[in-house]
Amino acid sequence: MHSLSLKVFTDLNAGTRRNCFPGRVGHALPADLDFGRRKRLGSGCWHGGAAGGGERRILACAVERNGNGGNGGGGESPSLNTNPTQNHNSFLSRSQTYAMLKQQMEVAAKSEDYKEAARIRDSLKMFEEEEPVLRLRRLIKEAIADERFEDAATYRDELKEIAPHSLLKCSSDATTLGIRVQVRSVYIEGRSMPSRGQYFFAYRIRITNNSDRPVQLLRRHWIITDGNGKTENVWGIGVIGEQPVILPRTGFEYSSACPLSTPSGRMEGDFEMKHIDRVGSSSFNVAIAPFSLSTLGDDAETF
């Protein structure tokens, strides 16, 4: 697990946020992925700015058009393959194609080849309209807005059939003993190389102490599963090289990253913490609810 050098303490009472103690950039993690602009506030604290960019490559890919099948309630549904393995492999292939199309368009725009960028933009738009997962998500959203809940349930079942991973949001929120952990992941196109099976995801974590007792984060444990179902357990001391103390009604934020060999996957885990206001307090585990790593993303807002 690679870590970005960003750490944030939040005072919930004052409503302010500070990025404190600039940390280390993990091995093999580009330094410019960290938040570039910083304004010093004093006492080793900095105000964060925008993330940096990266080089991209033009890659070859194609868009497949799927046949349309009628469905009740004014919506359409993609035809489904009844073989779960074929559905899964097809989803991974489509996700890779989507990632390559987006990367192509950015490269063309950066090189000022606007004619090519427009062509790829149109291909990308066509892909987004035809890609089953994105299409079913759109149909679910429209059905809910029109209160066609039976149709929404049908679309959701179809989505579960072709891409179970896609039902998991790119964010999660869980509370254990008053300690709230919120996570949001994002696909980093500039650090990914889909043609080589390299996908780079960043995630941001906010830990809020809503209890009446101060806690210290001792250890982390991640369970990382790629799109092929391969699972890896990762344990470590603290986060980004620190074991932060989080006082009542304050928060702590940090950003890190996870490379995958597939265009989708998931993460979950827990933080081991302890109360520090009493000597001899036993440690306890704070859950990090599952969240998705996906090149397709979702409509969830950042926290």
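**Helix packing and buried faces in a predicted model**

Y98 counts as buried, at 6% relative accessibility. This tyrosine lies in helix α1, which covers residues 84-110. The model is predicted. Leaving aside residues up to four places away in sequence, Y98 touches L124, F127, E128, L134, T295 and L296. The C-alpha atoms of Y98 and L124 are 7.4 Å apart in space, although the two residues are 26 apart in sequence. L124 and F127 are in turn among the buried residues of helix α2.

The chain has 303 residues, and 46% of them count as buried. Four helices and 15 strands are assigned. Among contacts between residues at least 6 apart in sequence, 68% join residues at least 24 apart.

Confidence varies along the chain. The mean pLDDT is 75, and 68% of the residues reach 70 or more. Strand β12 (residues 245-246) has the highest confidence, at 98, and strand β3 (residues 38-42) the lowest, at a mean of 28. Over residues 1-5 the pLDDT is below 50, and this stretch has 32 contacts in the model beyond near neighbours in sequence. A second stretch, residues 14-82, stays under 50. For residues 14-82 the model has 162 contacts beyond four places in sequence. Where pLDDT is low, the predicted coordinates should not be read in detail.

Helix α2 was examined next. Its 17 residues should span 24 Å at 1.5 Å a residue, and the end C-alpha atoms are 24 Å apart, so the two values agree. A117, I120, L124, F127 and E130 are buried in α2. Seen down the axis of α2, these buried residues fall within an arc of 155 degrees, so they line one face of the helix. The face turned away from this buried side carries exposed Y114, K115 and K125. An α-helix has 3.6 residues a turn, so residues three or four places apart point the same way.

Helix α2 (residues 114-130) meets helix α3 (residues 132-145). Two packed helices are described by the angle between their axes and the distance between the axes. The axes of α2 and α3 come within 5 Å and cross at roughly 65 degrees. On the α2 side the contact is made by E128, E129 and E130. On the α3 side P132, L134, R135 and R138 take part. By class, this contact has five charged residues, two nonpolar and no polar ones. Two of its members recur in the surroundings of Y98: both E128 and L134 are touched by that tyrosine.

Helix α4 (residues 149-162) has 14 residues. From its first C-alpha to its last, α4 reaches 20 Å, close to the 20 Å expected at 1.5 Å a residue. Its buried residues are D151, A152, Y155, E158, L159 and I162. Seen down the axis of α4, they fall within an arc of 125 degrees, so they line one face of the helix. On the other side of α4, E150, D157 and K160 are exposed.

Several loop residues were also examined. Most residues other than glycine have a negative phi, and most peptide bonds are trans. E147 has a positive phi of about 60 degrees although it is not a glycine. E147 lies in the loop between α3 and α4, and counts as exposed at 59% relative accessibility. L177 is likewise not a glycine, yet has a positive phi of about 50 degrees. Its place is the loop between β7 (171-176) and β8. L177 counts as exposed, at 59% relative accessibility.

Strand β8 (residues 179-187) contains V183. V183 is buried, with a relative accessible area of 0%. V183 and S171 are 12 residues apart in sequence, and their C-alpha atoms are 5.2 Å apart in space.

A further loop, between β10 (215-226) and β11 (231-237), holds N228. N228 counts as exposed, at 54% relative accessibility. The C-alpha atoms of N228 and P263 are separated by 10.0 Å, with their positions 35 residues apart along the chain.

Terms used
Residues are numbered from 1 along each chain as its sequence is written. This is a predicted model: local features need pLDDT of at least 70, side-chain atom pairs count only at pLDDT 80 or more; totals for chains, interfaces and linings use all residues. Side-chain values use heavy atoms; hydrogens and water are left out. Axes are lines fitted to C-alpha atoms, for helices over the stretch in contact, and angles run from 0 to 180 degrees between N-to-C directions. Helices (H or I, at least four residues) and strands (E, at least two) are DSSP runs, numbered from the N terminus. Contact means heavy atoms within 4.5 Å. Ala, Val, Leu, Ile, Met, Phe, Trp, Tyr, Cys and Pro count as nonpolar, Asp, Glu, Lys and Arg as charged, and the others, Gly among them, as polar. The expected span of a helix is 1.5 Å times one less than its number of residues. Buried means under 20% relative accessible area, exposed over 50%, partly exposed in between (1.4 Å probe, protein chains only). The arc is that of the directions from the helix axis to the C-beta atoms. pLDDT is the predictor's confidence in each residue, from 0 to 100.
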